[in-house]
Amino acid sequence: MKSSMAPGILITCLAGIGAAAVLRVLYWASQFTLYHFWRPSKPLAAYKRASDDSYALITGASAGIGLSIARNIVRQGFGVVLLGHLPDELESAAKSLNSPLVRTLVVNARTATPEELETAVESISDLNISILVNNVGGFPMADPPLRPLSTLSTAEVDAYVDLNARFMARLTNLVLPLLSSSSTREKHERSLILNISSAGRVGMPWIVMYSATKAFNYAFSMGLSRELEDDSTTAHIDCLAVTLGEVQSQANVMAEGAVTAERFGGYVVGGIDGAVKRGWREVRPYWGHDLALGLADRVLPDGMLTHFAREELRLKKERWDAIMAKRR
Ligand SMILES: NC(=O)c1ccc[n+]([C@@H]2O[C@H](COP(=O)([O-])OP(=O)(O)OC[C@H]3O[C@@H](n4cnc5c(N)ncnc54)[C@H](OP(=O)(O)O)[C@@H]3O)[C@@H](O)[C@H]2O)c1
């Protein structure tokens, strides 16, 4: 009697596990579809101040993803402060936005002293800033961008930390009081911080410093999000880490076939409301990146994604090495 029941129980258990796995995939697929393909027309409405023009401060905003995010924020009726290091580039970026509510802030994110940064933030304290986008980042050294850590000078190692990590931490520290003023809290208005990280934050070869600082952006954002929601004086500030794969931009000229920076900014802005409402701390705003990273998390055996990413980087490094050989 016992031996004839055992296979029945086993089959029921296996069927239960199978059904649970199918339900999990269906849930993920429905969330994926709803999040990416059903986006609100006013994804930043929660961050608009009723009494005054609302502004977003965007770093690294004279080109690439930063400028595209700025353009999409302007379309939502916000003013913007574009932060960058080259005055001429900033001015032409500002003109291209075709809005009366644009200011520029010339700050070198790699070399700015604490005093320079304090003065810069003070100069915009008359504005009602409700959004901070920590976007500036990249490869602050001469080409090639992909090379072994041992070939970097110590100054280059520091430059990665300065540009990609130290600056966004200092700036957020200084801007937080603007996002959490007492009048904002009294009126139950919300504020937003976006921290641009990268899929490379898992730690990749030949871009060791870049990927390590992108892990910093991610951990900084996750920690800050948890801290802000725990305190009634800051719980109105939403904080999201933005994870992305390849985007075509001036910094990533080898991303053939990838989404362009111009389009990517629209995905970022369009995806904010859905992510905040779902209680996420991290968002992958572009469906192509989310699909690839989501499948990798759920389907590929451990380590397979890292293997593919490493091979892709190896090819890029070889292409850069060939370019550098021609330049010599
Ligand atoms: N593109 C990708 O595939 C990709 C993938 C993952 C993550 N990301 C992240 O996305 C963010 C934006 O990347 P992107 O591809 O748009 O880069 P990008 O095209 O090089 O744009 C970077 C922006 O930052 C400005 N900038 C550079 N150095 C600066 C400095 N020292 N001080 C102030 N501003 C400075 C640049 O101004 P100038 O033009 O005047 O130098 C430009 O406006 C970065 O954090 C990057 O790590 C990008």
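How far is an oxygen atom of the ligand from an N or O atom in the side chain of E89? The separation is 2.9 Å. The model discussed here is predicted. This briefing covers the surroundings of the ligand and then the aromatic rings, of which the structure holds nine pairs.

**Contacts of the ligand**

- Besides the side chain of E89, which places an N or O atom 2.9 Å from a ligand oxygen, two backbone contacts may be noted.
- A backbone N or O atom of N135 is 2.6 Å from an oxygen atom of the ligand.
- A polar backbone atom of A63 lies 3.0 Å from an oxygen atom of the ligand.
- On its own the ligand has 900 Å² of accessible area, and the protein covers 90% of this area.

**The shell around the ligand**

- Helices α2 (64-75) and α7 (208-229) are the elements that give two or more residues to the shell.
- The ligand has 31 residues around it, and those that come nearest are S62, N135, Y210, S249 and Q250.
- By character, the shell divides into 13 nonpolar, 14 polar and four charged residues.

**The pair of Y35 and W280**

- Among the nine aromatic pairs of the structure is the one formed by Y35 and W280, an edge-to-face arrangement with 4.8 Å centre to centre and 65 degrees between the planes.
- Y35 belongs to helix α1 (residues 2-37) and W280 to the loop between α9 (272-277) and β9 (282-283), so this pair ties together parts that are 245 residues apart in sequence.
- Y35 counts as buried because its relative accessibility is 3%, under the 20% limit.
- W280, at 31% relative accessibility, counts as partly exposed.
- The ring of Y35 also has the charged end of R39 over it, 4.6 Å from the ring centre.

**The pair of F139 and Y210**

- F139 and Y210 form a stacked aromatic pair, with 4.4 Å centre to centre and 15 degrees between the planes.
- F139 is in the loop between β4 (128-134) and α5 (154-179), whereas Y210 is in helix α7, so the pair ties together parts that are 71 residues apart in sequence.
- F139 is partly exposed, with a relative accessible area of 28%.
- Y210 counts as buried at 15% relative accessibility, and Y210 is also one of the residues that come nearest to the ligand.

**Other aromatic features**

- One aromatic cluster is formed by W28, F32, F37, Y267, Y286 and W287.
- The charged end of R201 sits over the ring of Y218, 3.7 Å from the centre of that ring.

Note on methods: Residues numbered from 1 in each chain as written. Predicted model: local features only at pLDDT ≥ 70, side-chain atom pairs only at ≥ 80, totals over all residues. Heavy atoms only, no water. Near = heavy atom within 4 Å. Polar contact = N/O pair within 3.5 Å; in protein donor to acceptor, adjacent residues only side chain to side chain. Areas by Shrake-Rupley, 256 points an atom, 1.4 Å probe, with all protein chains shown as cover. Helix = DSSP H or I, 4+ residues; strand = E, 2+ residues; numbered from the N terminus. Nonpolar A, V, L, I, M, F, W, Y, C, P; charged D, E, K, R; others polar. Phe/Tyr/Trp six-rings, centres within 6.5 Å; stacked < 30°, edge-to-face > 60°. Buried < 20%, exposed > 50% of the residue type's maximum accessible area, 1.4 Å probe, protein only. Lys NZ or Arg CZ within 6 Å of the ring centre and 35° of its normal.
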